[in-house]
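Grab a viewer and work through these short exercises with the solutions covered up. Each one starts with a task and then goes step by step.

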Amino acid sequence: MNRRSRFLTLGATLAWCAIVIARSSAFDGQYAAKPAEGVPTFSKDVAPILFKNCAGCHRPGEIAPMSFLTYEDVRPWAKGIRDEVADGTMPPWHADAPHGTFLNERSLTAAEKDTIARWANGGAPKGDPKDMPAAPSFADGWMVGKPDVVLEMTEPYTLPADGTIQYEYFYIPTNFTEPKWVKSIEIRPGNREVVHHVLVYYRATPDMQRTPVLRPNAQTARTPEDQPPGASPSTAPPSGIRVSPPKRGLPPRRLLATYAPGTVSQTAPDGTAFRLEPGGIIELQMHYTTKGEPSTDRTKVGLIYSKETAPLEVRPGQFINGSFTLPAGAADVAVDADVEFLQDATVWGIFPHTHLRGKKWSYKMILPDGTTTTILSVPKYDFNWQTYYMFKEPLKVTKGTKIVSTAWYDNSPANKANPDPKMDVRWGDQTWEEMQYTGILFTPAVPPTPIVK
Ligand code: HEC
């Protein structure tokens, strides 16, 4: 995966190369054996920054290709680290809101970037090993801590050596006999080389009476599948690809968590939890990529229960535009979706999702009095980094408030990630189709009441 080549235009790439070459030649001669006076050291100054901000992904068995846990691991990457943090490519984070807007923001302070730059430019010295902080620990590799329950695919899935695999769906019964309050959900692929992304849904029969909260736009929220047969044919798959749709006739599903580089877990904010009804089924939508030789995968999902008494329920919802067409070759198509709140609510987070033609997202909140504010802007959306943007100050939304999302798409050949610029593209699950999908986590003002049977 080469993210950068997809990200930047040729011009920008050349400019970037020029900067790197200029920087490298200016600093190459300065790598000294002994740290000069005032130069930060790895042990004392740099390791704490990397352990806190990078090691979650940069450690053995995780998604990043190299580990940053020891000086020996990090030293060859000193200049790369300096450049990636200076231009904001690492740690990956794509919202352009002011620092401190999001709870799960990944970014370094100016002081931290400066420390790394002075360390790399000053010869990347190790310093006194006695200054080293303890390496961060991860319970059996889990990012969020040791799960209370691990739900695993019931059997391994075997992939062929090559070819395109349509999404595969797997069903894991939970056998929960009572409702579970879940604080964190983490997805661990069995085989990272072939698992491209995972969507985790929960399917269960509702056991609570809920007053409606979100009113989607009746004109645009229908997907091709919702429409009468023949009214609007869905995008046809490229020839030779078989599509296996999810099973029919199961209880309704809702999206709980996603796995993709940048997102492996979902944690409910303080005082809140996800509520899973008894008897539910975990549905995994798996996107696999073949790797040139046959392989297997058995992905699992870990749940940590809430330790809080009476947490507020965080409800995952969604709003979409399912009725767009992106004309073949069009480089800049904007597609809106809107949703109205039917009661007061607290909004915890927003998850923008398109496929490979999506390039930008923006969200506006319109209060009943017309006051409009931008609540999230993702100027360089990248399919390869899926993120739930969690607000530090959750949004207090009053009845009648609307959220309007706009996604921009590039269906032209200039988009290097475009699977087929000669195709008119419509809504669909598959990567060669598109989505205009927003996940939204909220708590309504009116609490649910049990359904009496
Ligand atoms: C959310 C996961 C994640 C975090 C956090 C993260 N990285 Fe990365 N990093 C990756 C992945 C995945 C790659 C390889 C693919 C890519 O470049 O997108 C990568 C690649 C890199 C590279 C190599 C880029 C190249 O030249 O190919 C550097 C250097 C780097 N990271 C530095 C850092 C530093 C420094 C931090 C912390 C300040 C950090 N990363 C935090 C996931 C992460």
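## Exercise 1: a buried salt bridge

Keep in mind that this is a predicted model. The side chains of R188 and E62 form a salt bridge, 3.3 Å from N to O.

**Task.** Work out which parts of the chain R188 and E62 tie together, and whether the two are buried or exposed.

**Solution.**
1. Place the partners: R188 sits in strand β4 (residues 180-188) and E62 in the loop between α3 and α4, so the pair ties together parts that are 126 residues apart in sequence.
2. Check accessibility: both R188 and E62 are buried.
3. Widen the view: R59, E62, E186, R188 and R192 are linked in a network of salt bridges. The structure holds 21 salt bridges.

## Exercise 2: two more pairs

**Task.** Find where R215 and E340 lie in the chain, then do likewise for K359 and D332.

**Solution.**
1. Start with R215 and E340, whose side chains meet in a salt bridge at 3.4 Å, N to O.
2. R215 belongs to strand β7 (residues 214-216) and E340 to strand β16 (residues 333-341), so this pair ties together parts 125 residues apart in sequence. R215 counts as partly exposed, at 42% relative accessibility.
3. Now take K359 and D332, which meet at 3.1 Å, N to O, in a salt bridge. K359 is in strand β18 (residues 358-366) and D332 in the loop between β15 (315-320) and β16, 27 residues apart.
4. Compare with the cut-off: exposed means over 50%. D332, at 53% relative accessibility, counts as exposed, while K359, at 31%, counts as partly exposed.

## Exercise 3: the iron site

**Task.** Which residues coordinate the iron atom of the ligand, and what is the geometry of its site?

**Solution.**
1. The iron is coordinated by H58 through NE2 and M90 through SD, at 2.0 to 2.3 Å.
2. The iron has 6 donor atoms with angles of 86 to 180° among them, and its site is octahedral. For six octahedral donors the ideal angles are 90 or 180 degrees.
3. H58 lies in the loop between α3 (42-53) and α4 (71-74), and M90 in the loop between α5 (78-86) and α6 (110-121), so the pair ties together parts 32 residues apart in sequence.
4. H58 is buried, with a relative accessible area of 9%.

## Exercise 4: empty space

**Task.** How many cavities of 30 Å³ or more are there, and what lines the largest?

**Solution.**
1. A search of the whole structure turns up 3 such cavities.
2. The largest cavity has a volume of about 40 Å³.
3. Its lining is H94, P352, V378, Y381, D382, W385, T387 and Y389.
4. Sorted by class, that lining has 5 nonpolar, 2 polar and 1 charged residues.

Conventions: Residues numbered from 1 in each chain as written. Predicted model: local features only at pLDDT ≥ 70, side-chain atom pairs only at ≥ 80, totals over all residues. Heavy atoms only, no water. Donors = N, O, S within 2.8 Å, 3.2 Å for Na, K, Ca; no water. Tetrahedral: all angles 85-135°; square planar, octahedral: opposite > 155°, others 65-115°. Helix = DSSP H or I, 4+ residues; strand = E, 2+ residues; numbered from the N terminus. Buried < 20%, exposed > 50% of the residue type's maximum accessible area, 1.4 Å probe, protein only. 1 Å grid on protein atoms, 1.4 Å probe; cavity = no way out; pocket = protein on both sides within 12 Å on 5 of 7 lines; lining within 4 Å. Points joined across faces, edges and corners; volume = space filled by probe spheres on them. Nonpolar A, V, L, I, M, F, W, Y, C, P; charged D, E, K, R; others polar. Salt bridge = Lys/Arg side-chain N within 4 Å of Asp/Glu carboxyl O.
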